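Visitor: I am new to this structure. Please take one part of it and go through it closely.

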Amino acid sequence: MKAFFLILNKEEYLEEILEVFLELNIPGATVIDSIGMGTILAKDIPIFAGFRHVFQGSRSGNKTIISIIPDELVEPTILAIEQVIGPLTSPGNGLAFTVAVQDLFGLREAL
Amino acid sequence: MKLVDVLKPEYIKIPLTETTKLEVIKELLSVLVEQKVVNNPDEVLTAILEREKIMTTGVGNGVAIPHCKTRHATDFAIAMGIHPTGIDFQSLDNKPTQIVFLLIGPEDKPGTHIRLLSRISRIISREKVRQQILQCSSPQDVYNILKQEEANFFEINP
């Protein structure tokens, strides 16, 4: 099992990403409103106001999606996500990573 | 790199004698010109004022950090001064500004520029440090305080 994290910068793709999860038989995920560091530095800390161009691509917010998925679903999930939002290697699309899960309690079964 | 590698005691002016934001910026700029760290003061001043148009660098708590990136700088330069009574720097908290850091950097090193700004901001955000600095009567004393405070900070990657 892996804890799968996706920082989705293009929030307009959230619904489609969740649909992808359903299609992959991922029964649940937690979605958190989040803000990137660059956005806060550029907009909320006045001393860095002159560097807004450096933080270009920083959006007002993004979504952090967390789900517990089987190991064998990691690669298909990444591929499916990239089909929706484009390559994760492209700046501004987002970031995904996994963390090994040692113990897990309370996960619902697949639909 | 550390802040105290760029800001030398001879770049610290106590007291600042001018009474307006513009004149204090010029006063600190002239320190760097006298020390032959800045060669094009007019162009650099223009860049500093352009940056001020975006948002004031009077960050509050009696501190201002005017700064600019300019093609007229080949390396980073920092001057610092203490005003005995404080001036109007259009600070965010509308309080008089007594401690002013002037940071000038080349256009092609925004990352280092941001790291130096952040370092200044972090050190000077400490009330105890500000009070200690305001008690100083010599540039060397200010430098020693900054050096001591920065001793626990990591090196900035230039």
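Guide: Helices α2(B) and α3(B) are oblique to each other, because angles under 35 degrees count as roughly parallel, over 145 as roughly antiparallel, 65 to 115 as roughly perpendicular and the rest as oblique. This is a predicted model, in which local features need pLDDT of at least 70, side-chain atom pairs count only at pLDDT 80 or more, and totals for chains, interfaces and linings use all residues. Residues are numbered from 1 along each chain as its sequence is written, while chains are lettered from A and ligands numbered from 1 in the order in which they are written.

Helix α2 of chain B covers residues 21-34, and α3 of chain B covers 41-54; helices are DSSP runs (H or I, at least four residues), numbered from the N terminus. The two pack at an angle of about 140 degrees, with their axes 11 Å apart. Axes are lines fitted to C-alpha atoms, for helices over the stretch in contact, and angles run from 0 to 180 degrees between N-to-C directions.

The crossing of α2(B) and α3(B) is right-handed, that is, the near helix is turned clockwise from the far one by less than a right angle. On α2(B), the contact is made by B:Ile25, B:Lys26, B:Leu29 and B:Val33; α3(B) brings B:Pro41, B:Val44, B:Leu45 and B:Ile48. Residues are in contact if their C-beta atoms, placed from the backbone, lie within 7 Å. By class, this contact has 7 nonpolar, no polar and 1 charged residues; Ala, Val, Leu, Ile, Met, Phe, Trp, Tyr, Cys and Pro count as nonpolar, Asp, Glu, Lys and Arg as charged, and the others, Gly among them, as polar.

Helix α3(B) also supplies at least two residues of the side of chain B that touches chain A.

Methods
Contact = placed C-beta atoms within 7 Å.
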